[in-house]
Amino acid sequence: MTKTLGGRSTATSTNARTVFMTGLLGFAGTMHFLRPKPFDSIVPPSLGNRRAWTYASGVAELGCAALLAVPATRRLGGAATAALMVAVYPANIYTVAKHWKSPKGRAIALARLPLQIPLVQMSWAIARSGD
């Protein structure tokens, strides 16, 4: 749907991928604060204070969700979200190594690896289109 603002047409509908990514990031970011232990467990120990990283990534996810939710900052939000998805990928790799000896844990961790790819692609598409 579009509406006219000062003789210009502006989009008022939000693309489904933007709604999905905003919701996903908002939910995940909130969970970093409500239930931080699972997130702490996937932070590689070499990074130091796991809880600090959990909270920092939660803030980053909530920040990206906020940027995506506002049309004026949506392109920036898409780019920031794509960068965030790439930045947290080492945690997924660490999780595979951590659970390698457990067939079930390994399978779950390995299944997560390719799921990051469409999230990066969706985020980048939002950055390019702004919707």
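Let me start with one residue: outside the four places on either side of it in sequence, Thr22 is in contact with Ala65, Leu68 and Ala69. Before going further, note that this is a predicted model.

Where does Thr22 sit? Thr22 belongs to helix α1, which covers residues 16-34. Is Thr22 buried or exposed? Its relative accessibility is 18%, and buried means under 20%, so Thr22 counts as buried.

Now the wider setting. The chain has six helices and two strands. In sequence order the pattern is β-β-α-α-α-α-α-α. The chain has 131 residues, and 30% of them count as buried. Taking the contacts in the chain with a separation of 6 or more, 60% are between residues 24 or more positions apart.

Back to the helix of Thr22, and to its partner. Two packed helices are described by the angle between their axes and the distance between the axes. Here the partner is helix α3, residues 50-69, and the axes of α1 and α3 come within 8 Å and cross at roughly 155°. Angles over 145 degrees count as roughly antiparallel, and therefore α1 and α3 are described that way. The crossing of α1 past α3 is left-handed.

Which residues make this contact? On the α1 side they include Thr18, Met21, Thr22, Leu25 and Phe33. On the α3 side they include Tyr55, Val59, Leu62, Ala65, Leu68 and Ala69. So the three partners of Thr22 that I opened with, Ala65, Leu68 and Ala69, are listed among the α3 residues of this contact. Sorted by class, the contact of α1 with α3 has 11 nonpolar, nine polar and one charged residues.

Next, the aromatic rings. How many aromatic pairs does the count give? The count comes to one. That pair is Phe33 with Tyr55, and it is stacked, with 5.2 Å from centre to centre and 5° between the planes. Phe33 lies in α1 and Tyr55 in α3, so the pair ties together parts that are 22 residues apart in sequence.

Are these two rings on buried or exposed residues? Phe33 has a relative accessible area of 36%, so it is partly exposed. Tyr55, at 32% relative accessibility, counts as partly exposed as well.

To recap: Thr22 is buried, and Phe33 is partly exposed. Both Thr22 and Phe33 are on the α1 side of the contact with α3.

Terms used:
Residues are numbered from 1 along each chain as its sequence is written. This is a predicted model: local features need pLDDT of at least 70, side-chain atom pairs count only at pLDDT 80 or more; totals for chains, interfaces and linings use all residues. Side-chain values use heavy atoms; hydrogens and water are left out. Helices (H or I, at least four residues) and strands (E, at least two) are DSSP runs, numbered from the N terminus. Buried means under 20% relative accessible area, exposed over 50%, partly exposed in between (1.4 Å probe, protein chains only). Contact means heavy atoms within 4.5 Å. Axes are lines fitted to C-alpha atoms, for helices over the stretch in contact, and angles run from 0 to 180 degrees between N-to-C directions. Angles under 35 degrees count as roughly parallel, over 145 as roughly antiparallel, 65 to 115 as roughly perpendicular and the rest as oblique. A crossing is left-handed if the near helix is turned anticlockwise from the far one by less than a right angle, and right-handed if clockwise. Ala, Val, Leu, Ile, Met, Phe, Trp, Tyr, Cys and Pro count as nonpolar, Asp, Glu, Lys and Arg as charged, and the others, Gly among them, as polar. Rings of Phe, Tyr and Trp (its six-membered ring) pair if their centres lie within 6.5 Å; planes under 30 degrees apart count as stacked, over 60 as edge-to-face and the rest as tilted.
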